[in-house]
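Me: Please take a close look at one part of this model for me. I would like a single pocket and the loops beside it, with the cut-offs spelled out.

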Amino acid sequence: MGDQSLELSFAFTADRYVRAHRLYLTRPLPRFLYWFSYFFLAVCLAVAVVVGSSTWFGLLPRTLYAMFLVAMGLAVFVVRGPLAYPLLKKRFRKRPDADRVMAHVFSDEGLHSSTEGLAESQIAWAMIQEAVIAKDAMLLFMTPRQYLFVALDTCDDRDRIVELVRAHVAKSKSV
């Protein structure tokens, strides 16, 4: 790549905020959450067997339990599914960087990022732990929960930027 820097700027809109959230959800959950999910499912099944097989419980508790399981499933769907996106757009309007222009300059030294009238930072490649790369966007993680969103849909140098990121970030994946 040499000392050539690659510049990219875009408006950070509500749709891009939702896209960042969707990319964030492509990452695997921590292992303890999987075990907790299995444990929770096992407890629910055990209670369902006890309630369903017992003549002591009437029809109403069985119906309430079924409604509870459906409500839990819907809660997971709302939090991780498409019903969450209108809530995300509403939350986006309260962000200080809403609808501001973000500019990123990629180089061999790292990434210079600025948000119009708000913040500016220099990020060394060593600080970036992980990169999640899609066709139209990219997330660069400094910590497991702190990331920088980069929109690639309006970029002419998309392939060169992705190549530079992959060269400097050991843990990068395409989705």
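Reply: Happy to help; the account below goes from the whole chain to the pocket and then to some loop residues.

This is a predicted model, so to speak of local features a pLDDT of at least 70 is needed, side-chain atom pairs count only at pLDDT 80 or more, and totals for chains, interfaces and linings use all residues. Residues are numbered from 1 along each chain as its sequence is written, and side-chain values use heavy atoms, with hydrogens and water left out.

The setting comes first. The chain has five helices and eight strands (DSSP runs numbered from the N terminus: H or I of at least four residues for helices, E of at least two for strands). In sequence order they give β-α-α-α-α-β-β-β-β-β-β-α-β. Of the 175 residues in the chain, 33% are buried (under 20% relative accessible area; over 50% is exposed and in between is partly exposed, with a 1.4 Å probe and protein chains only). Among contacts (heavy atoms within 4.5 Å) between residues at least 6 apart in sequence, 59% join residues at least 24 apart.

Now the part to look at: the second largest pocket. A pocket here is an open set of points on a 1 Å grid over the protein atoms alone, where a 1.4 Å probe fits and protein lies on both sides within 12 Å along at least five of seven lines; lining residues have an atom within 4 Å of a point. The volume of this pocket is about 750 Å³, taken as the space filled by probe spheres set on the points, which are joined across faces, edges and corners. Its lining counts 29 residues, and Arg 95, Asp 97, Tyr 147, Leu 148 and Phe 149 lie nearest the centre. At least two lining residues come from each of helices H1 (14-24), H3 (59-80) and H4 (85-92) and strands E3 (110-115), E4 (119-124) and E7 (147-151). By class, 18 are nonpolar, six polar and five charged (nonpolar: Ala, Val, Leu, Ile, Met, Phe, Trp, Tyr, Cys and Pro; charged: Asp, Glu, Lys and Arg; polar: the others, Gly among them).

Asp 97 is a good place to zoom in. This residue sits in the loop between H4 and strand E2 (101-106), and it counts as buried because its relative accessible area is 8%. Its side chain makes a polar contact with the side chain of Arg 95 at 2.8 Å (N or O atoms within 3.5 Å, one able to donate a hydrogen and the other to accept it; residues adjacent in sequence count only if both atoms are side-chain atoms). Beyond four places in sequence, Asp 97 touches Phe 12, Met 102, Thr 115 and Leu 118.

Leu 118 leads to the loop between E3 and E4. With 41% relative accessible area, Leu 118 is partly exposed. Its C-alpha is 7.2 Å from that of Asp 97, although 21 residues separate the two along the chain. Outside four places in sequence, Leu 118 is in contact with Pro 96, Asp 97 and Arg 100.

Glu 116 also belongs to the E3-E4 loop and is partly exposed at 47%. On the same terms, Glu 116 touches Arg 100 and Val 101; from Val 101 it is 15 residues away in sequence and 5.3 Å away between C-alpha atoms.

Back in the loop between H4 and E2 lies Asp 99. Its relative accessibility of 55% makes Asp 99 exposed, and its phi is positive, near 60 degrees. Most residues other than glycine have a negative phi.
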